[in-house]
Amino acid sequence: MPFDADDRRHMLAALGLAARGLGTVMPNPAVGCVLVRDGTVVGRGWTQPGGRPHAETEALRRAGAAARGATAYVSLEPCNHHGKTPPCTEALLAAGVARVVVACEDPDPRVAGGGVHRLRAAGVAVDVGLCTAEALDLNRGFFSRILHGRPSFTLKLATTLDGRIATHGGESRWITGPEARARGHALRATHDAIMIGIGTALADDPELTCRLPGLSHRSPLRIVVDSRLRLPLTGRLAATARDVPTWILTREDADGTRAAAFTDCGVEVLRIPADGAGLPDVTRAGALLGERGVTRVLVEGGATLAASLLRAGLIDRVEWFRAASVIGGDGLAAVAPFGVDALAAAVRFTCTGVRRCGADVVESYVRVDT
């Protein structure tokens with residue numbers, strides 16, 4: 001049946017609920033569900049931390065008996081397989097839901113249309129395809145992991161107008177203002193992991209946590225790409241590894257004694273093959289993160305890591321914060337050279353939004369697939 005304005009409004013509400021789970025539900029997708037009966041919302045739910053309970057279960061619990069005869073608006077196809085919990089299709093059927101509106105099908109082979117088929121076979125009216133683009137964008141990391149075996153990568157840059165991240169002497173705090181920094185912390189809260197290179201770790205000794213009031217519990221997994229295990233054992237990342245999960249991606253031949261010292265601090269050391277430049281192969285790193293259930297990675301530095309990921313075609317989105325200042329050509333560039341000899345070989349993006357952020361501007365980009 002065709003969708004009307006009320007259908008769209010309720011599905012957008014379900015998508016808004018789903019977004020609450022971003023950064024907390026890996027390896028699962030972030031899903032939202034709204035139950036509506038006789039024009040009144042009777043239940044709302046979203047995927048809970050760790051991926052359980054699912055959105056549909058939460059919405060049905062809140063609705064209780066009012067779910068019978070209701071329409072369920074779900075941002076992703078309900079699951080139809082037994083895992084840690086029974087299938088959501090069974091819960092919807094047991095509750096007596098009359099209609100289910102689905103934004104998009106789940107590409108997970110354990111679902112992949114099976115949820116829709118199960119509901120229809122039981123006599124439930126199912127309509128698929130409302131707000132599909134929005135739903136795909138919301139769970140782009142989950143879809144990337146299922147379809148391509150790796151998480152989605154968002155490159156976050158904070159630069160001057162001329163694309164510099166530090167002066168020639170290395171001064172970088174603070175190029176952008178407090179509003180931009182707060183928005184950067186909000187980005188951290190919606191990602192499973194934050195990734196930096198060893199150069200950034202040595203220069204800044206960062207914490208890489210979410211320091212917005214009330215959101216410290218949303219600090220993501222921290223990942224340092226460190227080919228020779230140079231991360232200081234006394235630095236903030238190693239010192240707090242038992243409080244905030246911290247991984248190091250290093251080469252296969254990295255020093256075993258040094259690796260054991262990191263393990264003693266609570267840091268997990270993951271070994272991957274080196275690329276042609278002697279750095280940990282970022283393509284293999286992406287595959288390893290996907291195997292471990294990571295769906296969304298925020299890349300915050302530095303120039304060498306950004307270049308490696310761009311060269312490998314792994315950067316899916318860019319969030320570019322620009323300050324209204326100019327440093328000049330002797331400043332440190334946001335992206336190191338990565339061998340583009342012709343314009344046809346440039347990595348291309350399309351702009352999806354430009355907005356003010358205090359005194360700064362943030363531009364959002366999505367990679368153009370060729």
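**Exercise 1.** Which helices and strands each supply at least two residues of the lining of the largest pocket?

*Solution.* Begin by noting that this is a predicted model, and then take the pocket itself, which has a volume of about 1100 Å³. Next, look at its lining, which is made up of 47 residues, with T200, D204, E300, G301 and G302 lying nearest the centre of the pocket. Now assign the lining to elements: the helices that each give at least two residues are α7 (178–189), α8 (198–204) and α12 (303–311), while the strands that do so are β6 (152–159), β7 (164–166), β8 (193–197) and β12 (296–301). Finally, sort the lining of this largest pocket by class, which yields 23 nonpolar, 13 polar and eleven charged residues.

**Exercise 2.** Find which element gives the largest share of the lining of the second largest pocket, and describe that lining by class.

*Solution.* The second largest pocket holds about 430 Å³ of space, and 15 residues line it, of which R140, H148, D316, R367 and D369 lie nearest its centre. Going through the elements, one finds that α5 (132–138), α6 (140–148), β13 (315–322) and β16 (360–367) each supply at least two lining residues. The largest share comes from α6, with five residues. Divided by class, the lining of the second largest pocket has seven charged, five nonpolar and three polar residues.

**Exercise 3.** How many cavities of 30 Å³ or more are there, and which residues are closest to the centre of the largest cavity?

*Solution.* The idea behind the search is that rolling a probe the size of a water molecule over the atoms shows where empty space is left. Here the count comes to one cavity of 30 Å³ or more, and the largest cavity has a volume of about 70 Å³. Among the 15 residues that line this cavity, L22, N28, N139, T295 and R296 are the closest to its centre. The lining of the largest cavity has seven nonpolar, six polar and two charged residues.

**Exercise 4.** Describe the largest nonpolar core, and say which helix gives the most to it.

*Solution.* As background, nonpolar side chains in soluble globular proteins tend to be buried together. In this model the largest nonpolar core has 41 residues, and those with the most contacts inside it are M11, L35, A72, V97 and V100. Helix α1 (residues 5–19) gives the most to this core, namely five residues. Apart from this core lies another, of 29 residues, which include V225, I272, V294 and W320. To follow one residue more carefully, leave out those up to four places away in sequence, and A72 then touches C33, V34, L35, L92, V97, R99, V100 and V101.

Key: Residues are numbered from 1 along each chain as its sequence is written. This is a predicted model: local features need pLDDT of at least 70, side-chain atom pairs count only at pLDDT 80 or more; totals for chains, interfaces and linings use all residues. Side-chain values use heavy atoms; hydrogens and water are left out. On a 1 Å grid over the protein atoms alone, a cavity is a set of points where a 1.4 Å probe fits but cannot get out, and a pocket is an open set with protein on both sides within 12 Å along at least five of seven lines; lining residues have an atom within 4 Å of a point. Grid points are joined across faces, edges and corners, and a volume is the space filled by probe spheres set on the points. Ala, Val, Leu, Ile, Met, Phe, Trp, Tyr, Cys and Pro count as nonpolar, Asp, Glu, Lys and Arg as charged, and the others, Gly among them, as polar. A nonpolar core is a set of buried Ala, Val, Leu, Ile, Met, Phe, Trp, Tyr and Cys residues joined through side-chain atoms within 4.5 Å. Buried means under 20% relative accessible area, exposed over 50%, partly exposed in between (1.4 Å probe, protein chains only). Helices (H or I, at least four residues) and strands (E, at least two) are DSSP runs, numbered from the N terminus. Contact means heavy atoms within 4.5 Å.
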